[in-house]
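Biologist: I am new to this structure, and I would be grateful for a slow, close look at a single part of it. Please explain the terms as they come up, and then set that part in its wider surroundings.

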Amino acid sequence: MEMGLKQAQVLILLVLASMLAAPKRIIVGGSENWHFGFNYTDWALKNGPFYLNDTLVFKYDPPVDNSSHPHSVYLLPNFWSYLNCDLSRAKRLADVTQGGGEGFEFRLKRWQPHYFACGESNGFHCDKGLMKFFVMPLFRRWHG
């Protein structure tokens, strides 16, 4: 009987700890969403830290016609690529249509730097439009 009580107490503590450490769903850019001309590097510095298993949500309007300026989401391979907006070895995570509605979601599953950029107009949105940022997810604290 006593062993069952201890197991129940441990289970309750684990559930409470996981509730305290629940991952967050974060809209990239906040109310600004993902668009040309907003400084996302500054946004990430002001809105961090970010943690493992948090989800970044990229919201942007899909193209309406040929005169609209579409956006996308790329994961750059390293800091040099991030600094230079070099998309040559980047991986496209979301195309121009995937940011509509609830947006495109990317979960921070690995403890490593993540370098994000808009890949449209051959890096122009990244470089001149400031549509880039990086995060290094931290381990979430399991105690208070």
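Modeller: What follows is a walk through helix α2, its neighbours, and then some features elsewhere in the chain.

The model is a predicted one, in which local features need pLDDT of at least 70 and side-chain atom pairs count only at pLDDT 80 or more, while totals for chains, interfaces and linings use all residues. Residues are numbered from 1 along each chain as its sequence is written, and side-chain values use heavy atoms, with hydrogens and water left out.

The protein has four helices and seven strands, where helices are DSSP runs of H or I with at least four residues, strands are DSSP runs of E with at least two, and both are numbered from the N terminus. Read from that end, the order is α-β-α-β-β-α-β-β-β-α-β. Helix α2 covers residues 40-47. At its start, a side-chain oxygen of Asn39 comes to within 3.2 Å of the backbone nitrogen of Thr41; such a polar contact is a pair of N or O atoms within 3.5 Å, in which, within protein, one atom must be able to donate a hydrogen and the other to accept it, and residues adjacent in sequence count only if both atoms are side-chain atoms.

The helix has a buried side, made up of Tyr40, Trp43 and Ala44. Seen down the axis of α2, these buried residues fall within an arc of 95 degrees, so they line one face of the helix; the arc is taken from the directions that run from the helix axis to the C-beta atoms. Here buried means under 20% relative accessible area, exposed means over 50%, and partly exposed lies in between, with a 1.4 Å probe and protein chains only. The face turned away from the buried side carries the exposed residues Leu45 and Lys46.

Lys46 also takes part in a salt bridge with Asp42, with the closest N and O atoms 3.0 Å apart; the term stands for a side-chain nitrogen of Lys or Arg within 4 Å of a carboxyl oxygen of Asp or Glu. Both partners belong to α2 and are four residues apart, which is about one turn of the helix. Asp42 is partly exposed at 32% relative accessible area, whereas Lys46 is exposed at 63%.

On the buried side, the residues of α2 pack against β1 and β7, a contact being heavy atoms within 4.5 Å. The structure holds 19 aromatic pairs, for which rings of Phe, Tyr and Trp (its six-membered ring) must have centres within 6.5 Å, with planes under 30 degrees apart called stacked, over 60 edge-to-face and the rest tilted. In one of these pairs, the ring centres of Trp43 and Phe133 lie 5.7 Å apart with the planes at 85 degrees, so this pair is edge-to-face. Trp43 sits in α2 and Phe133 in strand β7 (residues 132-135), so the pair ties together parts that are 90 residues apart in sequence. Both Trp43 and Phe133 are buried. They belong to a cluster linked by ring pairs, whose members include Tyr40, Phe50 and Phe104.

Strand β1 (residues 25-27) is the other neighbour, and a salt bridge starts from it: Arg25 pairs with Glu105, the closest N and O atoms being 3.0 Å apart. Glu105 lies in strand β5 (residues 104-107) and Arg25 in β1, so this pair joins parts that are 80 residues apart in sequence. Both ends are partly exposed, Glu105 at 42% and Arg25 at 43%.

Beyond the helix, the loop between α2 and β2 (55-58) holds Pro49, and the peptide bond that leads to Pro49 from Gly48 is cis, with omega near 5 degrees. Most residues other than glycine have a negative phi, and most peptide bonds are trans. Leu130, in the loop between α4 (124-127) and β7, has a positive phi near 60 degrees, and it is partly exposed at 37% relative accessibility.

For the protein as a whole, 35% of the 144 residues count as buried. Among contacts with a separation of 6 or more, 70% come from residues 24 or more positions apart.
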